[in-house]
Amino acid sequence: TGPLSNRRLVIWEYTDIQDERFYVSDDYITLRQTDKNRSFKVGMNNEDGWCAYLNCGQLFIKRFNFDKNGVYPDYDVNFETYTNQFIVEIETLSTLETLKPNEYVEYEERWELKECEATFNPRSDESIDKFVDEYVF
């Protein structure tokens, strides 16, 4: 898009953008859960339609559709991730829709759960690329 913006990163007021659990590059965003007693949440427009969570030898992959013409909540983002000392959340959002009585909207997420003993460096695009190529696609 040349000099026009083409990505969103939405930051909640309690989020420290320099938090060591968080990494952002041109291709990836990673967020690790630790015992740090501080909440962290960001949102973004995830046009690739997937996110994943690796924990204790299990890889959870969530796939979803992105509507480039849709309007999304929370400053127009379709993906949010949150962590504190207890959890990590990976949340996808559907477009905002106005419904009349008896109308409904369907939103689909496709979930996969795989055993995965492999790891990666969450602050290295090269390491993430290798992991994603092997285990996500």
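These legends walk through several close-up views of one predicted model. Local features need pLDDT of at least 70 and side-chain atom pairs count only at pLDDT 80 or more, while totals for chains, interfaces and linings use all residues. Residues are numbered from 1 along each chain as its sequence is written, and side-chain values use heavy atoms, with hydrogens and water left out.

**View 1. The β5-β6 hairpin.** Strands β5 (residues 50-55) and β6 (residues 58-64) run antiparallel and are paired over six bridges. Strands here are DSSP runs of E at least two residues long, helices are runs of H or I of at least four, and both are numbered from the N terminus. Two strands pair if DSSP finds at least two bridges between them. Looking across the hairpin, Tyr 53 sits opposite Phe 60, and Leu 54 has Leu 59 as its bridge partner. Two residues lie between the strands, and Cys 56 in that turn has a positive phi of about 50°.

**View 2. Two cysteines, no bond.** If you're hunting for disulfides (cysteine sulfur atoms within 2.5 Å of each other), a search of the whole structure turns up zero. For Cys 56, the nearest cysteine sulfur is that of Cys 116, and it is 12 Å away. Which of these cysteines is buried, and which is exposed? Cys 56 is exposed, at 74% relative accessibility, whereas Cys 116 is buried at 3%. The cut-offs use relative accessible area: buried is under 20%, exposed is over 50%, and partly exposed is in between (1.4 Å probe, protein chains only).

**View 3. A three-stranded sheet with a helix packed on it.** The strand order is β5-β6-β9 in this open sheet, with antiparallel pairing. β5 and β9 (109-115) are the edge strands, each pairing on one side only. On average, neighbouring strands are turned by 15° against each other, direction ignored. Helix α2 (residues 125-135) packs on the sheet and touches β5, β6 and β9, with its direction at about 80° to that of β6. For these angles, axes are lines fitted to C-alpha atoms (for helices, over the stretch in contact), and angles run from 0 to 180 degrees between N-to-C directions.

**View 4. Thr 30 and its surroundings.** Thr 30 belongs to strand β3 (residues 29-31) and is buried, at 11% relative accessibility. What does the side chain of Thr 30 reach? It gets to the backbone oxygen of Pro 122, at 2.6 Å. Setting aside neighbours within four places in sequence, Thr 30 is in contact (heavy atoms within 4.5 Å) with Arg 21, Phe 22, Tyr 23, Pro 122 and Ile 128.

**View 5. Two positive phi angles outside the hairpin.** Most residues other than glycine have a negative phi, so these spots are worth a look. Asp 74, which is not a glycine, has a positive phi of about 50°. Asp 74 lies in helix α1 (residues 73-76) and is partly exposed, with a relative accessible area of 36%. Asn 102, also not a glycine, has a positive phi of about 75°. Asn 102 is in the loop between β8 (88-92) and β9, and is exposed at 81%.

**View 6. Out at Gly 2.** Gly 2 is in the segment before β1 (9-11) and counts as exposed, at 69% relative accessibility. Gly 2 and Glu 115 are 113 residues apart along the chain, and their C-alpha atoms are separated by 41 Å.

Terms used: A polar contact is a pair of N or O atoms within 3.5 Å; within protein, one must be able to donate a hydrogen and the other to accept it, and residues adjacent in sequence count only if both atoms are side-chain atoms.
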